[in-house]
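These entries record what I looked up in a single structure. I took the sheet, one helix and the aromatic rings as topics.

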Amino acid sequence: MSILSNNTSPSIAVVKTPFGKIRISAGEYLTRIEFLTEDVSLCAPKTTLIHQVVYELNSYFKDPHFKFTIPYEMVGTAFQKRVWNALSTLPIGTTIRYGELAQKLKTGARAIGQACRTNPLPLIIR
């Protein structure tokens, strides 16, 4: 994915999901999904991209095997991106322990855990 230009101002929406509220942030690409507390006010999607994100997330909530097509940009270190890329190649419904993934990537389990914790798109890269 290409880097967002400085001229692209991010758009934000706060929507309700089956498990609580999330904030969706996007500019030219989807860049972040954050889990929020219930006291945060809703904010309707204002861009075509964020409307598409909401549509695809709702499709995913109905069918966990749904394949996302929205363009996204992962912002992180080279190591984090390597971990997130490895996670994105796992078949849907597959689980893997940090230690197993660490062995595959020739690193430590704690480093894998840290990268997973900082995943900016937890519902997309899972």
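Entry 1, aromatic rings. I counted rings of Phe, Tyr and Trp, the last by its six-membered ring, as a pair if their centres lie within 6.5 Å. The model I examined is predicted. With that cut-off I found five aromatic pairs in the structure. I looked up the pair of Tyr 60 and Phe 68, which is tilted, at 5.5 Å centre to centre and 45° between the planes. Phe 68 also pairs with Phe 66, and here I noted an edge-to-face arrangement with 5.6 Å between the centres and 90° between the planes.

I then asked whether Tyr 60 is buried or exposed. Tyr 60 has a relative accessible area of 15%, so I entered this residue as buried. Phe 68, at 18% relative accessibility, counts as buried. Finally, I traced the ring pairs onward and found that they link Phe 19, Phe 35, Tyr 60, Phe 61, Phe 66 and Phe 68 into a cluster.

Entry 2, the sheet. I found an open sheet of three strands, in the order E1-E2-E3 and with antiparallel pairing. Strand E1 (11-17) and strand E3 (30-35) each have a single partner strand and stand at the edges, so one side of each lacks a neighbour in the sheet. I recorded an average twist of 20° from one strand to the next.

How many bridges join E2 to E3? I found five between strand E2 (residues 20-26) and E3, and the two run antiparallel. Within this pairing I looked up Arg 23, whose bridge partner in E3 is Glu 34. Helix H1 (residues 48-62) packs on the sheet and touches E1, E2 and E3. I noted that the direction of H1 makes about 140° with that of E2.

Entry 3, helix H3. I asked which residues of H3 (residues 98-105) are buried, and recorded Leu 101, Ala 102 and Leu 105. They cover an arc of only 105° around the axis, which means that they are on the same side of H3. On the other side of H3 I found Gln 103 and Lys 104 exposed. Helix H2 (78-88) and helix H4 (109-117) are among what covers the buried residues of H3.

Entry 4, Lys 106. I located Lys 106 in the loop between H3 and H4. Just after H3, Lys 106 takes a positive phi of about 55°. Its relative accessibility is 76%, so I entered Lys 106 as exposed. I also checked Lys 106 against Ala 86: they are 20 residues apart in sequence and 12 Å apart in space, C-alpha to C-alpha.

Key: Residues are numbered from 1 along each chain as its sequence is written. This is a predicted model: local features need pLDDT of at least 70, side-chain atom pairs count only at pLDDT 80 or more; totals for chains, interfaces and linings use all residues. Side-chain values use heavy atoms; hydrogens and water are left out. Two strands pair if DSSP finds at least two bridges between them. Axes are lines fitted to C-alpha atoms, for helices over the stretch in contact, and angles run from 0 to 180 degrees between N-to-C directions. Contact means heavy atoms within 4.5 Å. Buried means under 20% relative accessible area, exposed over 50%, partly exposed in between (1.4 Å probe, protein chains only). The arc is that of the directions from the helix axis to the C-beta atoms. Rings of Phe, Tyr and Trp (its six-membered ring) pair if their centres lie within 6.5 Å; planes under 30 degrees apart count as stacked, over 60 as edge-to-face and the rest as tilted.
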